[in-house]
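Please open the model in your viewer with both chains shown as cartoons, and keep the selection tool at hand. The stops below go from one strand and its partners to the contact between the chains.

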There are 2 protein chains.
Amino acid sequence: MTVVTAKNPVRCFDAFRWEGTDLLAYKEEGSAPFKAITRQTLFRDPAIKCELRYFELAPGGYSTLERHEHMHAVLILRGRGECLIGDTVYKIDTNDLVTIEPWTWHQFRANADVPLGFLCMVNVDRDKPVLPNGEQREALTTDPRIAAFLKD
Amino acid sequence: MTVVTAKNPVRCFDAFRWEGTDLLAYKEEGSAPFKAITRQTLFRDPAIKCELRYFELAPGGYSTLERHEHMHAVLILRGRGECLIGDTVYKIDTNDLVTIEPWTWHQFRANADVPLGFLCMVNVDRDKPVLPNGEQREALTTDPRIAAFLKD
């Protein structure tokens with residue numbers, strides 16, 4: 001039997017899982033608001049200065065509303081959904097590219113009927129995300145489109 | 001009319017082209033052997049230490065046989081083909097992951113009947129590839145499987 005690890009030259013894909021790659025919790029439960037989302041680290045190696053992660057949101061799932069100094073470079077690998085970036089809600093579809101600039105509020109949401117899976121490239125050395133305080137959340141939700149997006 | 005650039009938060013995908021993203025030559029013509037391959041830079045930004053590029057080989061196309069100090073982290077986005085990594089030829093299919101370790105000879109080839117498109121993450125600061133000399137090429141082709149892979 002071949003043992004497949006993250007160091008194998010080729011790791012085969014099957015149903016949005018990859019050989020030698022663990023299915024991880026998105027974050028520690030209770031550390032931040034999120035729903036129905038998993039994480040796989042596709043590439044992380046001392047020879048390369050970024051990581052490539054795959055996040056998957058089940059239908060109706062969402063990531064944490066947060067911001068940070070580091071940048072996200074995202075490619076939608078599966079499904080459809082919406083994302084809040086700064087003060088705008090965008091529709092996103094398979095293979096679209098999404099750039100999250102430093103210190104920009106952002107959240108991803110899968111549509112109710114399909115999952116949303118995306119690749120996310122980030123610097124290995126990066127800061128921790130911060131959550132909005134009450135005042136910041138209130139400021140965001142004065143826009144009815146953002147309020148509707150954030151409703152649950 | 002909205003002008004879409006590489007800085008737009010969302011860049012839509014259509015038929016393996018992305019808004020605000022130029023279709024580029026793979027390399028300067030005549031600088032190295034290759035066939036029927038194009039390049040798009042999906043993400044390159046001062047805030048992030050890697051680039052994400054998309055390479056597409058038409059059916060029967062191939063990249064340059066080369067090696068270098070920097071590492072490649074690859075996800076096959078479209079089609080099927082084969083790649084030589086070190087002394088082994090691997091079959092590759094859509095969404096498979098491919099790791100090219102430093103100083104490892106490598107070449108990608110599309111199958112004859114389908115294109116092969118892949119994402120490639122690399123450090124922004126990286127060395128230039130080197131081509132095999134006659135002796136290195138001869139050493140590789142003593143293996144009949146590699147000789148068959150490299151035949152044209």
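Two strands are said to pair if DSSP finds at least two bridges between them, and the strands themselves (E, at least two residues), like helices (H or I, at least four), are DSSP runs numbered from the N terminus. This is a predicted model, in which local features need pLDDT of at least 70 and side-chain atom pairs count only at pLDDT 80 or more, while totals for chains, interfaces and linings use all residues. Residues are numbered from 1 along each chain as its sequence is written, and chains are lettered from A and ligands numbered from 1 in the order in which they are written.

**Strand E7 of chain A**

Select residues 72-85 of chain A, which form strand E7. Of the 14 residues in E7(A), 10 are buried, where buried means that 20 or more other C-beta atoms, placed from the backbone, lie within 10 Å of the residue's own.

Add E11(A) (116-123) next; E7(A) and E11(A) run antiparallel and are joined by 6 bridges, and here A:Val74 faces A:Cys120. With E9(A), E7(A) forms 4 bridges, again in the antiparallel sense, and A:Leu75 has A:Leu97 as its bridge partner.

Now move to E8(A) (88-93), which is antiparallel to E7(A) and joined to it by 6 bridges, with A:Gly81 opposite A:Ile92. In the hairpin of these two strands, 2 residues lie between them, and A:Gly86 has a positive phi near 65°. A further antiparallel partner of E7(A) is E10(A), residues 106-110, joined by 5 bridges; select A:Leu84 and A:Gln107 to see one bridge pair.

**Across to chain B**

Where does E1(A) find a partner in chain B? Select strand E9 of chain B, residues 97-100, which runs antiparallel to E1(A) and is joined to it by 2 bridges; A:Val10 stands opposite B:Val98 there.

Widen the selection to the whole contact, counting two residues as in contact if their C-beta atoms, placed from the backbone, lie within 7 Å: 29 residues come from chain A and 29 residues from chain B. Among the strands of chain A that each supply at least two residues to this side are E5 (35-43) and E6 (50-62).

Finally, superpose the copies by least squares on the C-alpha atoms of residues with pLDDT of at least 70 in both: a turn of 180° with a shift of 0.0 Å along the axis lays chain A on chain B with an RMSD of 0.0 Å. The two copies are therefore related as by a two-fold rotation axis, and 100% of the contact residues of chain A recur in chain B.

Notes. A residue is buried if 20 or more other C-beta atoms lie within 10 Å of its own, exposed if 12 or fewer, and partly exposed in between; C-beta atoms are placed from the backbone.
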